[in-house]
Amino acid sequence: MTVVEQEGARGRGVPTIEVMLRRWRTWGTRRRVEELIRGGVGVSERTWRASPGRDAAGLAAEVAAWAREEMAGMRRPFGVDQVALALAWRDGRGRVFCSASLGVMRPTAFYDGTAEQRLAEAFAGALGLAEGREAEVLAALVRLGDLAFELRGAARAA
């Protein structure tokens, strides 16, 4: 059997079949993560009302406290304890007028004030865009440790 090599792999002497197998595994993992998230594994959501004059720092403290509660039961396989937090603001008609993401963070950021400070900055900007109208804040927290746990379980069952 002749193994055809691809341009980028040729210099390293890696057969094309190995390159393709690595890509298929990556695509399979990506698809599995998407399915888990769509199924709600590791995902928590909550909404808050942001009436005109609402204190951005107070709202940030509420969201950070909620995130700490949600992280408390998170699985941490292999030490994976990161979370991702995304926010969206909707106006009275349900249209999203602003969104933000804190990106991937360690839980310690929610205890040392780092996340709360970033949340307050995001809320101050978004509440300014609300121009004195009532808004709804949606938060989605993805617990990467829970996703890693499910992926590890699926890998062992295969």
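User: In E3, which residue is the bridge partner of Ala84?
Analyst: The model is a predicted one. E2 and E3 run antiparallel and are joined by 8 bridges. Within E3, the residue paired with Ala84 is Val104.

User: How many residues lie between E2 and E3 in their hairpin?
Analyst: The turn of this hairpin contains Gly94, whose phi is positive at about 85°. The number of residues between E2 and E3 is 5.

User: In what order do the 4 strands stand in the open sheet?
Analyst: The sheet is open and its pairing is antiparallel. Across the sheet, the order is E1-E4-E2-E3. Two strands, each pairing on one side only, form the edges: E1 (43-50) and E3 (96-105). Neighbouring strands are turned against each other, direction ignored, by an average of 15°.

User: Over how many bridges do strand E2 and strand E4 pair?
Analyst: Strand E2 covers residues 83-90 and strand E4 covers residues 135-143. Leu87 stands opposite Ala139 in E4. The two strands pair in the antiparallel sense, and the bridge count is 8.

User: Which residue in E4 is the bridge partner of Val83?
Analyst: Val83 has its bridge partner in E4, and that partner is Arg143. On the same sheet packs helix H3 (residues 56-71), which touches E1, E2 and E4 and whose direction makes about 160° with that of E1. The answer for Val83 remains Arg143.

User: At about what angle to E3 does helix H4 run?
Analyst: Helix H4 spans residues 114-129 and lies across E1, E2, E3 and E4. Its angle to E3 is about 170°.

User: H3 and H4: are they roughly parallel or oblique to each other?
Analyst: The two helices pack with their axes 8 Å apart, at an angle of about 130°. Their crossing is right-handed. Angles under 35 degrees count as roughly parallel and those over 145 as roughly antiparallel, with 65 to 115 roughly perpendicular and the rest oblique. The pair H3 and H4 is therefore oblique.

User: Which residues in H4 do the H3 residues meet?
Analyst: On the H3 side the residues are Ala56, Ala57, Leu59, Ala60, Ala61, Val63, Ala64 and Arg68. On the H4 side they are Glu116, Leu119, Ala120, Phe123, Ala124 and Leu127.

User: How far apart are the closest N and O atoms of Glu34 and Arg38?
Analyst: Both residues lie in helix H2 (residues 16-38), 4 residues apart, which is about one turn of the helix. Glu34 is partly exposed at 38% relative accessible area, whereas Arg38 is exposed at 65%. They form a salt bridge, with the closest N and O atoms apart by 3.7 Å.

User: With which residue does Glu134 form a salt bridge?
Analyst: The closest N and O atoms of this pair are 3.1 Å apart, and the partner is Arg49. It is a link between distant parts of the chain, 85 residues apart, with Glu134 in the loop between H4 and E4 and its partner in strand E1. Glu134 is partly exposed, at 38% relative accessible area. The partner of Glu134 is thus Arg49.

User: Why does the pair Glu70 and Arg143 tie together separate parts of the sequence, and how many residues apart are they?
Analyst: The side chains of Glu70 and Arg143 meet in a salt bridge at 3.9 Å, N to O. Because Glu70 lies in helix H3 and Arg143 in strand E4, the pair ties together parts whose separation in sequence is 73 residues.

User: Is Arg143 buried or exposed?
Analyst: Buried means under 20% relative accessible area. Glu70 has 28% and counts as partly exposed. Arg143 has a relative accessible area of 11%, so it is buried.

User: Which residue is linked with Glu70 and Arg143 in a network of salt bridges?
Analyst: By the rule used, the model has 9 salt bridges. Glu70 and Arg143 belong to a network of them. The further member of that network is Asp146.

User: In what order do the elements of the protein chain run from the N terminus on?
Analyst: The chain has 5 helices and 4 strands. Read from the N terminus, the order is α-α-β-α-β-β-α-β-α.

User: What percentage of contacts with a separation of 6 or more comes from residues 24 or more positions apart?
Analyst: The protein chain has 158 residues, of which 32% count as buried. Among contacts with a separation of 6 or more, the share from residues 24 or more positions apart is 68%.

Key
Residues numbered from 1 in each chain as written. Predicted model: local features only at pLDDT ≥ 70, side-chain atom pairs only at ≥ 80, totals over all residues. Heavy atoms only, no water. Pairing = 2+ DSSP bridges. Axes fitted to C-alpha atoms, helices over the stretch in contact; angles between N-to-C directions. Contact = heavy atoms within 4.5 Å. Salt bridge = Lys/Arg side-chain N within 4 Å of Asp/Glu carboxyl O. Buried < 20%, exposed > 50% of the residue type's maximum accessible area, 1.4 Å probe, protein only. Left-handed = near helix turned anticlockwise from the far one by under 90°.
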